[in-house]
Amino acid sequence: MAEVTYTLLAQCREEVLRPVFDEIYKAKEVIKVECWLYNERNGEGEEPDPNLVLRANTLGPIVDFASSRRELIYRSNAPANVSSVRAFCEGHPIACDLEKLGFDMGGSRWKSYLAVPFSPTQQYGQPFRMSVSLR
């Protein structure tokens, strides 16, 4: 499954996103695509601990679910400092930079983010929620 998801994201980046970015910016941009899935529980206890789990990205397959990066979904007014989590919590796409996420602009090689939350419906009508981000 990890290999298939990685391949789909990489194809999307190269066949769909790359031509658009090349046309807009007239230069090669480094594009990283991530797929975060909603997880009701943290797997460590009985109480719900809603979070998003990084399940795939274009750097390579993520094969160990237990060690995947996780970010809590905040239920307060405090904004999340991860673009995918913020978009998921706000319920709409966001485009932002490091400063908007609360970081120094020189703090990362990734300077801008586009995150889109969505809830596609599976074959049997059971929705699953996720957030996809571009770095």
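This passage describes the nonpolar cores, selected secondary-structure elements, the surroundings of Asn-57 and the cysteines of a predicted model. Local features were taken only where pLDDT is at least 70 and side-chain atom pairs only at pLDDT 80 or more, whereas totals for chains, interfaces and linings use all residues. Residues are numbered from 1 along each chain as its sequence is written, and side-chain values use heavy atoms, with hydrogens and water left out.

The largest nonpolar core (a set of buried Ala, Val, Leu, Ile, Met, Phe, Trp, Tyr and Cys residues joined through side-chain atoms within 4.5 Å) has nine residues, namely Trp-36, Leu-52, Leu-54, Ile-62, Ile-73, Ala-80, Val-82, Val-85 and Phe-88. Strand S2 and helix H2 each supply at least two residues of this core; helices (H or I, at least four residues) and strands (E, at least two) are DSSP runs, numbered from the N terminus. A second, separate core of eight residues includes Ile-94, Trp-110, Tyr-113 and Ala-115.

Helix H2, spanning residues 83-90, is mostly covered, as six of its eight residues are buried, where buried means under 20% relative accessible area, exposed over 50% and partly exposed in between (1.4 Å probe, protein chains only). The buried residues of H2 are Ser-83, Ser-84, Val-85, Arg-86, Ala-87 and Phe-88, and the helix is followed by Gly-91, whose phi is positive, near 80°.

Strand S5 (residues 112-118) shows alternating side chains, with Tyr-113, Ala-115 and Pro-117 buried on one face, while Ser-112, Leu-114, Val-116 and Phe-118 point to the other face and are not buried. Strand S4 (residues 94-97) runs antiparallel to S5 and is joined to S5 by four bridges, two strands being paired if DSSP finds at least two bridges between them. Within this pair, Ala-95 stands opposite Leu-114.

Asn-57 lies in strand S2 (residues 51-57) and counts as buried because its relative accessibility is 7%. Leaving aside residues up to four places away in sequence, Asn-57 touches Tyr-6, Leu-9, Lys-32, Val-33, Glu-34 and Ile-62, a contact meaning heavy atoms within 4.5 Å. The C-alpha atoms of Asn-57 and Lys-32 are separated by 7.0 Å, although the two residues are 25 residues apart along the chain. A polar atom of the Asn-57 side chain lies 2.8 Å from the backbone nitrogen of Leu-59, and the Asn-57 side chain also reaches the backbone nitrogen of Gly-60 at 3.4 Å.

The structure holds zero disulfides, a disulfide being a pair of cysteine sulfur atoms within 2.5 Å. Cys-12 is partly exposed, with a relative accessible area of 32%, and Cys-89 likewise counts as partly exposed, at 37% relative accessibility.

Conventions:
A polar contact is a pair of N or O atoms within 3.5 Å; within protein, one must be able to donate a hydrogen and the other to accept it, and residues adjacent in sequence count only if both atoms are side-chain atoms.
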